Amino acid sequence: ASSCAAQRGAPRLFHDAYELDEMLGSGAFATVHAARRRQPADGGLGASARSVPLAVKVLSLHDNDKLTGESSRKRRRAVVNEVAMLQRMRGEAHILQCEGLFVEAGVAYIVLERSECSLLQA
């Protein structure tokens, strides 16, 4: 697992660290789900950290074109570019902060702050 905000001792698997809730939206290449942090086995995560609203963008990285794998390469490159952009914008006002990136079994999970307003409301 890689991270937008490097954290020592962070879980290596997405589902060890987070729990997906309801789907908030979907597009051509991804779905976005509400999410929350899982309580670690050592009980070290306080209630306030666990209750921070999160959203997770879930992207399939599997090949659409079985002969060339072109779609898979483009999707992987798009995920890397999106996370790099989020890292560059870290701490900027009005930008959702990226908490982590996990890639497992052909699926990328980008963990973000959750916004309660739409683009039209922002």
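Student: Why is F102 called buried?

Tutor: In this predicted model, F102 has a relative accessible area of 6%. Buried means under 20%, so F102 meets the criterion with its 6%.

Student: And what makes F14 buried?

Tutor: The relative accessible area of F14 is 0%. The limit for buried is under 20%, so F14 qualifies too, at 0%.

Student: What makes the aromatic pair of F14 and Y109 stacked?

Tutor: The ring centres of F14 and Y109 are 4.2 Å apart, and 5 degrees lie between the planes. Centres within 6.5 Å make a pair, and planes under 30 degrees apart count as stacked. With 4.2 Å and 5 degrees, F14 and Y109 pass on both counts.

Student: Which parts does the pair of F14 and Y109 tie together?

Tutor: F14 belongs to helix α1 and Y109 to strand β5, so the pair joins parts that are 95 residues apart in sequence. Y109 is buried as well, because its relative accessible area of 9% falls under 20%.

Student: How many aromatic pairs does the structure hold?

Tutor: There are four aromatic pairs. One of them brings F14 together with F102: the ring centres are 5.8 Å apart and the planes stand at 75 degrees, so the pair is edge-to-face. That label calls for planes over 60 degrees apart, and 75 degrees satisfies it. This pair, too, links distant parts of the chain, since F14 sits in helix α1 (residues 14–17) and F102 in strand β4, 88 residues apart. Which residues form one aromatic cluster? F14, Y18, F102 and Y109 do.

Student: Let's turn to the sheet. What order do the five strands have?

Tutor: The order is β1-β2-β3-β5-β4, in an open sheet with antiparallel pairing.

Student: Why do β1 and β4 stand at the edges?

Tutor: β1 (18–26) and β4 each have a single partner strand, so one side of each is left without a neighbour in the sheet. On average, neighbouring strands here are turned by 25 degrees against each other, direction ignored.

Student: How do you know that β3 and β5 are joined?

Tutor: Seven bridges connect strand β3 (residues 54–60) to β5, and the two run antiparallel. Two strands pair if there are at least two bridges between them, and seven bridges fulfil that. In this pairing K57 is opposite I110, and S60 is opposite V107.

Student: What about β4 and β5, how many bridges do they pair over?

Tutor: They pair over six bridges, in the antiparallel sense. The bridge partner of G100 in β5 is V111. β4 and β5 also form a hairpin with two residues between them, and A105 in the turn has a positive phi of about 45 degrees.

Student: Why is β5 described as largely enclosed by the rest of the structure?

Tutor: Six of the seven residues of β5 are buried, so the rest of the structure largely encloses this strand. For the chain as a whole, buried residues make up 30% of the 122 residues.

Student: Which residues make up the largest nonpolar core?

Tutor: That core has twelve residues: C4, A30, L59, L61, V79, V83, L86, C98, L101, A108, I110 and L112. α3 (70–88), β4 (98–104) and β5 (107–113) each contribute at least two of them. Another core, of eleven residues, lies apart from it, and F14, Y18, L54 and V56 are among its members.

Student: R37 is an arginine in strand β2 (residues 30–37). Why does R37 count as buried?

Tutor: R37 has 15% relative accessibility, and that is under the 20% limit, so R37 counts as buried. Its side chain makes a polar contact with the side chain of E99 at 2.4 Å. A polar contact needs N or O atoms within 3.5 Å, and 2.4 Å is inside that limit.

Student: Is E116 buried or exposed, and what makes it so?

Tutor: E116 is exposed: its relative accessible area of 60% is over the 50% that the word requires. E116 sits in the segment after β5. The C-alpha atoms of E116 and P53 are separated by 8.9 Å, although these residues are 63 residues apart along the chain.

Notes. Residues numbered from 1 in each chain as written. Predicted model: local features only at pLDDT ≥ 70, side-chain atom pairs only at ≥ 80, totals over all residues. Heavy atoms only, no water. Core = buried A, V, L, I, M, F, W, Y, C linked by side-chain atoms within 4.5 Å. Buried < 20%, exposed > 50% of the residue type's maximum accessible area, 1.4 Å probe, protein only. Helix = DSSP H or I, 4+ residues; strand = E, 2+ residues; numbered from the N terminus. Polar contact = N/O pair within 3.5 Å; in protein donor to acceptor, adjacent residues only side chain to side chain. Axes fitted to C-alpha atoms, helices over the stretch in contact; angles between N-to-C directions. Phe/Tyr/Trp six-rings, centres within 6.5 Å; stacked < 30°, edge-to-face > 60°.
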